[in-house]
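Dear colleague,

Please find below the structure I agreed to pass on to you. My notes on its side-chain contacts and strand pairing follow.

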Amino acid sequence: GLGRWRMGILLAACDMLCLFVISSVVLTAWSFFRPEMYLPIYLNLIPLVLLFLGAYLLYGLYLPAGLSPVEELRRLSSATTVTFLMLGSLSFWFRNAESYSRTSFFLIWLFSLVILPAARELLRKTLARKGLWGEAVALIGMGDQGYEVLTFLQKNPHLGFRPIVLINGFGSHHYPPIELPVYQWQNLSDDSIGLLKSIRTAVLVQGDIPESFLQSIIADYGFR
């Protein structure tokens, strides 16, 4: 996998590319209907893409995993809209609103609301098919619920969680063969504990973990 910060950088690059392409296409197309438009003046606005990246960062949109599609769409739409409103306010403040086409800005905003989330999803699914997308996680709790969670994550790698090791909380539970290392919590060795400490994120299936083991995980290894 790429790791958490690399996935965040790829999402930021995807956003920047989309905003640039959307703006270029809309402005060029709209200039055919408005021949008086002076396109070179819009080049001065390129650095303002940093405002969008800053807004997306503040809205938590560069967390590569753990954000539901619905919540990501809500945050992305809100951050994009707020930033465009901010740009509109700044243009009136500097008294240069007449230099730019309000219709073109409206169209850029409209297309951004649709294309940005679609591009992000395409990026994730493309890299997931190549096995490159996803943060390595430990799945702790391998009863019936744990197996369902494992199956779900493996079928949806674009969500950003890639199980690489499993901890079986109750030795009496049986499950189909799994092509991942599986440890019994009562028999954790120094090597397995070292592997767990190298993983930043764990998925705890509470119903499949003894309470004493759950508390020791949180207290000793800092999993959240």
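**Salt bridges**

R75 and E71 are 4 residues apart in helix α3 (residues 69-93) and are therefore separated by about one helical turn. Please bear in mind throughout that this is a predicted model. The two residues form a salt bridge, with the closest N and O atoms 2.8 Å apart. E71 has a relative accessible area of 23%, so this residue is partly exposed.

The same kind of contact also links two helices. E72 lies in helix α3 and R124 in helix α4 (residues 102-129), so this pair ties together parts that are 52 residues apart in sequence. The closest N and O atoms of the salt bridge between E72 and R124 are 2.7 Å apart. Both partners fall under the 20% cut-off for buried residues: E72 counts as buried at 10% relative accessibility, and R124 counts as buried at 7%.

Within helix α4, the side chains of E121 and K125 meet in a salt bridge, at 3.8 Å from N to O. These residues are 4 apart in helix α4, and about one helical turn therefore separates them. E121 counts as partly exposed at 24% relative accessibility, and K125 likewise counts as partly exposed, at 37%.

How do these contacts join up? A network of salt bridges links D15, E72, R120, E121, R124 and K125. The count for the model comes to 7 salt bridges.

**Aromatic pairs**

Turning to the rings, the count comes to 4 aromatic pairs. In one of them, F52 and Y56 have ring centres 6.4 Å apart and planes at 55°, so the pair is tilted. F52 and Y56 are 4 residues apart in helix α2 (residues 49-58), and about one helical turn therefore separates them. Both residues are buried.

F52 also pairs with F84: the ring centres are 5.1 Å apart and the planes stand at 70°, so this pair is edge-to-face. Because F52 lies in helix α2 and F84 in helix α3, the pair ties together parts that are 32 residues apart in sequence. F52 is buried, with a relative accessible area of 6%, and F84 is buried as well, with a relative accessible area of 13%. Together, F52, Y56 and F84 form one aromatic cluster.

**Strand β1 and its partners**

Which strands pair with β1, and in what sense? Strand β2 (residues 161-168) pairs with β1 in the parallel sense over 6 bridges. Strand β4 (residues 201-204) pairs with β1 in the parallel sense over 4 bridges.

Individual positions can be matched across these pairings. L139 has L166 as its bridge partner in β2, while A138 stands opposite A202 in β4. Strand β1 itself (residues 135-140) is mostly covered, with 5 of its 6 residues buried.

The connection between β1 and β2 may also be of interest when you view the model. β1, helix α5 (residues 144-155) and β2 make a right-handed β-α-β unit.

If you wish to begin with particular sites, I would suggest the salt bridge between E72 and R124, which ties helix α3 to helix α4, and the aromatic cluster of F52, Y56 and F84.

With kind regards

Key: Residues are numbered from 1 along each chain as its sequence is written. This is a predicted model: local features need pLDDT of at least 70, side-chain atom pairs count only at pLDDT 80 or more; totals for chains, interfaces and linings use all residues. Side-chain values use heavy atoms; hydrogens and water are left out. A salt bridge is a side-chain nitrogen of Lys or Arg within 4 Å of a carboxyl oxygen of Asp or Glu. Buried means under 20% relative accessible area, exposed over 50%, partly exposed in between (1.4 Å probe, protein chains only). Rings of Phe, Tyr and Trp (its six-membered ring) pair if their centres lie within 6.5 Å; planes under 30 degrees apart count as stacked, over 60 as edge-to-face and the rest as tilted. Two strands pair if DSSP finds at least two bridges between them. A crossover is right-handed if, with the strands pointing away from the viewer, the path from the first strand over the helix to the second runs clockwise.
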